[in-house]
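Let's take a walk through this model together. We'll begin where two chains meet, then look at each one in turn.

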Amino acid sequence: MSVLEQRPALAPADAETAYHGKIRLKIMMLIGLAVALCAAAVIDICVGSSGLSPAEVLAAIFQPESVSRGTRAIVVDVRLPYSLMALLVGASLSLAGAEMQTILDNPLASPFTLGVSSAASFGAALAIVLQLGIPGVPPEWFIPVNAFIFAFGSVLLLQALSGLRGAGVETLVLFGIALVFVFNALVAIMQFIASAEALQQLVFWSMGSLTRSTWTKLQIMALVMVCVVPFSMAACWKLTALRLGEDRARSFGIDVTRLRFFSLLRVSILAATSVSFVGTIGFIGLVGPHIARLLVGEDHRFFLPASMLCGALVMALASASSKIIVPGVLIPVGIVTSLIGVPFFLALIFTTKGKA
Amino acid sequence: MLSVEKLSAGYGKKSVLTDIDIAGMPAGTITAFLGQNGAGKSTLLRSLAGLHRALGTLHLNGADITSHSPAQRARAITYMPQSLPQRVALTVLEATIGALRASSRDPDAVKRSLAVLERLGISNLAMAQLDSLSGGQRQLASLAQALVRKPRVLLLDEPTSALDVAHQIRVMRTIREITEEQGIIAIAVLHDLGLACRWCDRLVLLSGGRVVSDGEPDTALTPDVLNQVYGVTGRIERCSRGYIQVLIDEVA
């Protein structure tokens, strides 16, 4: 007899109380994450190379007339968009990772392990090295638009494959990994033929940086989130049921093919928009969902919002760290997130191996 | 009453099931699908669930449900796969509620789920993580996810595989009781002939994608059928308690 079978019987009323207690705990967890996120965002806005005190920063936001024009410009035009973009990109990439891990039943899936960032890098490389862009698009938008199109296209390719008969989720993951290698090779070709100046620009773009944030891009990113998140939340029960197995979900009447298609569509929009605005920022899509899973489990009513909050929190902390690590130097945030992500990734691999 | 007429299915050009006819399976009974590996048992079960494309006709209580959409069919038929997936961060109760809420907005989902867990005798596991359960407990948790949907037809794919003897009997007894209590038409793919004879009302033996024998355990299972389906010589005898025992002598 196992230990579990020796548990005392739990009356339904007690079990119901325990369940509602657990729900309250998860809500508190979300509130706690939101509070931590606000604190991290304030820290991120307050730190920087210009030597402004937190009081000056907060005054520039809430009483703009009380500070100098220079201070106002630093805070309103630089720090605020950077910090807010960090939150939105973190939330967006983490939500994309959470949905991808669920629909592919793979804890290592993320928009970046499946080729989205590599595709975006190639799109950006075409703009940077060959000045290729969509006719009618202003040249200053070539890079984000190209990156978006290729990132979006790579996920559409994954979707097309998932529609092929007999292609299971394992095939989909393998195809994603193949995409990474193909686009990396294409980027390498671009680097090989690029001028020294273009090469420098391309390398910097691929590092991922919030310095490309503007209020316009911020508004677009926010609009994307506002449009996509309600659809993700509307699918939360179906996504939870999918965790119980594809056949079981189908037998519950869920059209898994359709669920997977629309989920991948949301993932592609979120990831492509993020990458096109800030470049390659790895591991957020992997780390955010994993922390959320540890905190609230996989009831997607809580898992999806917790993933967004965790992703945004890690990104805000990475953004603040990128300004503190080397005083006076703004390290591309993509480097910092990878430095945080790699140890976590290794721990995850070893933990998974231990369970197998 | 569930009936299958002229059901054929396959994978690509390979035919797995040919013209399967199974006349009325009544409510409150368990039918076992038996046969060698690759005989088409699981494909037949998945075809009934609408998870595998098949030709033929399916009647439930006189109504032709062949052309029903997967969502429509899911209201009447629930399929229970062999096992739950690994590494799922859900409790037994959360998973049961999730199974119900996947396609309904039942406001009493928590109470209904708890009632099912209590009926299966696993309400003490309500808050346990699925990953922490033993094999037998996982099967009962899996059964709870199916039963909470109040299916008229319950399809069970090897519900006792990988279970020890005690858990095999516990799971089959529970299925037997629930089936009779709730008037469910239960169909189970089984490998253990002894379990099938003891707990099922009817046996359907398949070989090469065709029905070789169909009837009550007493009549459906004979030495000739054993030879034809499994390629073995054996005897069918009753023990002192009256249970049918299948004794295998040789591989033919």
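The contact between the chains draws 33 residues from chain A and 38 residues from chain B; two residues are in contact here if their C-beta atoms, placed from the backbone, lie within 7 Å. On chain A's side, the elements that put in two or more residues are α1 (12-46), α9 (236-242) and α10 (246-251). Those labels come from DSSP runs, numbered from the N terminus: helices are H or I with at least four residues, strands are E with at least two. The biggest giver on the chain A side is α1(A), with 6 residues. Sort that side by chemistry and you get 15 nonpolar, 6 polar and 12 charged residues. For that tally, Ala, Val, Leu, Ile, Met, Phe, Trp, Tyr, Cys and Pro count as nonpolar, Asp, Glu, Lys and Arg as charged, and the others, Gly among them, as polar.

Before going further, keep in mind that this is a predicted model: local features need pLDDT of at least 70, side-chain atom pairs count only at pLDDT 80 or more, and totals for chains, interfaces and linings use all residues. Residues are numbered from 1 along each chain as its sequence is written, while chains are lettered from A and ligands numbered from 1 in the order in which they are written.

Now for chain A as a whole. Its secondary structure comes to 14 helices and 0 strands. The radius of gyration, taken over C-alpha atoms, is 22 Å, close to the 21 Å from the globule rule (2.2 Å times the number of residues to the power 0.38) for 356 residues, so chain A is as compact as a globular protein of that length. Its C-alpha trace spans about 70 × 50 × 35 Å along the principal axes. Of the 356 residues, 48% count as buried, meaning that 20 or more other C-beta atoms lie within 10 Å of a residue's own (12 or fewer is exposed, in between is partly exposed, with C-beta atoms placed from the backbone).

Let's zoom in on A:Leu199, which sits in helix α7 (residues 196-207) of chain A. With 17 C-beta neighbours inside 10 Å, A:Leu199 counts as partly exposed. Setting aside neighbours within four places in sequence, A:Leu199 touches A:Gln191 and A:Ala194.

Over in chain B, strands β1 (residues 2-11) and β2 (residues 14-25) pair in the antiparallel sense over 6 bridges; pairing takes at least two DSSP bridges. β1(B) and β2(B) form a hairpin with 2 residues between them, and B:Gly12 in the turn has a positive phi of about 65°.
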